[in-house]
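This report walks through a two-chain model and is best read with the coordinates open alongside. It begins where the chains touch and then turns to each chain on its own.

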Amino acid sequence: MSNPLPTPVPRAEGGLQATSDPYGAERAFRAIALLALVLPLCLLAILFGEALYQAVPRLSWEFLTGFPSRRPEEAGILPALAGTTGLMLLVAVIALPIGVSAAIYLEEYAPDSWVTRLIEINISNLAGVPSILYGLLGLELFVRAMQLDRSLIAGALTLSLLLLPMVILASREALRTVPRHLREAAYALGADRWSTIRTVVLPLALPGVLTGVILSLARAIGETAPLITIGALTYVAFLPTSVSSSFTALPIQIFNWVSRPQAGFHVAAAAGIVVLLTVMLILNASAIWLRARLQRRVSW
Amino acid sequence: MVTPKMSARGVRAFFGASEALKGIDMDIAPRQVTAVIGPSGCGKSTFVRCLNRMHEVTPGARVTGSVTLEGEDIYGPGVNPVQVRRRVGMVFQKPNPFPTMTIRENVLAGPRLQGLKVADPDRVVEGALRGAALWDEVKDALGRTGVHLSGGQQQRLCIARALALEPEVLLMDEPCSALDPIATARVEELIVQLRERYTIVIVTHNMQQAARVADTTAFFYLGDLVEHTPTDTIFTRPRDRRTEDYITGRFG
């Protein structure tokens with residue numbers, strides 16, 4: 001024949017019995033990967049444990065429902081907790097519709113042009129901009145130009161700006177997971193684009209969108225720099241009554257307590273950290289719960 | 001010859017710069033089953049997608065030429081593709097019921113997506129599911145999602161979903177290629193029944209299937225329509241050498 005078979009590779013000595021451990025490299029890699037996972041988890045656990053240990057004497061109902069005080073043993077966290085809750089609610093109300101709409105436009109409507117690509121690249125860039133810059137923008141735009149003053153709404157708008165790129169990215173990711181053949185099925189039934197998005201695409205993308213939004217919120221809850229920049233107060237002896245009230249937030253309250261010389265305030269700060277971390281973990285857990293719940297309903 | 005239900009004249013379809021259909025002239029007779037066969041990549045799926053303006057949904061795809069439905073050009077100026085798709089329904093290769101909807105909601109998805117109010121939804125659901133020969137199997141599970149159904153049942157659900165809009169023409173793009181032989185037989189029986197009321201165009205890889213269900217069969221090759229004749233003729237006395245080579249299994 002003109003086309004001879006290739007010479008077979010000589011068989012290794014010992015047949016199927018491995019002469020040395022052929023999986024050595026794999027095992028080593030697995031160990032390194034495991035270490036990379038365990039190490040940060042340990043650090044987090046130590047931090048949380050340490051804060052918890054210090055905080056024990058102050059963690060009480062009185063701490064959660066008390067107002068800040070000059071006496072560290074009486075200082076409470078209620079205004080900060082209320083401020084943070086209000087901020088998060090407002091941010092969700094502002095950033096969710098705008099972010100999801102922007103994602104729908106970019107993913108479903110925008111033509112594939114250089115303008116679109118420029119916008120896309122810049123959204124990714126904005127997600128990486130240091131948060132203090134958003135604080136400066138918020139100070140200039142909301143506090144001064146729009147004369148919202150150092151209000152809850154100014155803080156919420158500033159944090160919304162910070163979150164929008166992340167919400168848009170997460171929502172686009174979720175929209176992209178909706179299989180193309182389902183959109184085609186809707187078009188073939190005489191649906192226009194908007195009813196396809198509303199009836200078929202959004203219900204499927206919803207778990208991903210909400211997870212993205214909640215995880216962004218959980219990140220924003222700890223943001224301190226932009227709030228300090230726009231002048232969120234550290235000593236607030238009242239609860240915010242409207243969106244134009246001045247306010248404080250958990251990380252700012254903690255920052256304030258940590259920078260005091262009295263040891264008693266450091267204990268209060270530790271207790272504040274425990275509260276902040278708990279709120280964050282609850283948010284993360286609810287994201288996981290929501291996703292699992294919605295996805296069980298929607299399986300294919 | 002009866003007036004054709006649909007007529008394609010000089011239909012050329014493109015994906016970007018590449019030409020998938022090179023000028024198709026073809027008539028589709030009313031209340032008959034027209035099969036479209038040919039090797040992979042011959043343009044048969046593209047052709048049926050030109051018949052309800054689904055080709056242009058793919059980014060970068062476009063169509064030239066004309067396709068008439070009852071004498072009216074569906075590519076004419078001012079024609080809304082959404083209106084075309086209400087009259088020319090489609091069933092896809094892979095069963096694609098909407099996963100967020102129940103069986104009942106799936107059947108009613110067409111009117112709902114179009115924003116139409118259904119006067120008697122129960123009657124529409126039962127009628128469409130009976131039409132798709134699925135009613136007896138799902139009548140007690142209308143409130144469950146369609147994802148628990150078998151592949152063949154899902155495909156019949158998709159047929160029911162298309163029938164609920166009472167289309168005039170039903171396009172089927174390899175509707176059995178994801179189904180086992182038993183489910184395939186059921187869908188084929190269904191096609192023969194549906195022929196009483198609808199004009200059907202079915203793309204198939206399976207020549208036996210074309211022989212079983214189709215009144216006429218069209219053979220596509222490399223973006224051309226090679227021949228379109230009554231089904232028994234094409235399988236017994238093909239005119240073109242390429243058709244003969246294909247149906248005798250010499251290529252494709």
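How many residues of chain B are in contact with chain A, and how many of chain A with chain B? In this predicted model, 23 residues on the chain B side are in contact with 20 residues on the chain A side. On the side of chain B that touches chain A, the elements giving two or more residues are helix 2 (81-87), strand 6 (88-91) and helix 4 (109-113) of chain B, and helix 4 of chain B gives the most, with 4 residues. By class, the residues on this side of chain B divide into 11 nonpolar, 7 polar and 5 charged.

Within chain B, two helices can be followed as a pair. Helix 7 (residues 151-163) of chain B packs against helix 8 (residues 181-194) of chain B at an angle of about 20 degrees, and their axes are 9 Å apart. Because angles under 35 degrees count as roughly parallel, helix 7 of chain B is roughly parallel to helix 8 of chain B, and the crossing of the two is right-handed. From helix 7 of chain B, the residues B:Gly151, B:Gly152, B:Gln155, B:Arg156 and B:Ile159 take part, and they meet B:Ala183, B:Arg186, B:Val187 and B:Leu190 of helix 8 of chain B. Sorted by class, this contact between helix 7 and helix 8 of chain B has 4 nonpolar, 3 polar and 2 charged residues.

The two contacts described so far can be set side by side by residue class.

| Contact | Nonpolar | Polar | Charged |
|---|---|---|---|
| Side of chain B that touches chain A | 11 residues | 7 residues | 5 residues |
| Helix 7 of chain B with helix 8 of chain B | 4 residues | 3 residues | 2 residues |

Chain B also holds an open sheet of 4 strands in the order 2-1-4-5, with antiparallel pairing. Its edge strands, each pairing on one side only, are strand 2 (18-28) and strand 5 (72-73) of chain B. Strand 5 of chain B runs antiparallel to strand 4 (residues 61-69) of chain B and is joined to that strand by 2 bridges, and B:Glu72 in strand 5 of chain B stands opposite B:Leu69.

Chain A, by contrast in topic, is described by its helices and its overall extent. Chain A has 11 helices and 0 strands. The radius of gyration of chain A is 26 Å, well over the 19 Å that the globule rule gives for 300 residues, so chain A is more spread out than a compact globule. Taken along the principal axes, the C-alpha atoms of chain A fill a box of roughly 95 × 60 × 35 Å.

Note on methods: Residues are numbered from 1 along each chain as its sequence is written. Chains are lettered from A and ligands numbered from 1 in the order in which they are written. This is a predicted model: local features need pLDDT of at least 70, side-chain atom pairs count only at pLDDT 80 or more; totals for chains, interfaces and linings use all residues. Two strands pair if DSSP finds at least two bridges between them. Two residues are in contact if their C-beta atoms, placed from the backbone, lie within 7 Å. Ala, Val, Leu, Ile, Met, Phe, Trp, Tyr, Cys and Pro count as nonpolar, Asp, Glu, Lys and Arg as charged, and the others, Gly among them, as polar. Axes are lines fitted to C-alpha atoms, for helices over the stretch in contact, and angles run from 0 to 180 degrees between N-to-C directions. Angles under 35 degrees count as roughly parallel, over 145 as roughly antiparallel, 65 to 115 as roughly perpendicular and the rest as oblique. A crossing is left-handed if the near helix is turned anticlockwise from the far one by less than a right angle, and right-handed if clockwise. The radius of gyration is taken over C-alpha atoms; the globule rule is 2.2 Å times the number of residues to the power 0.38.
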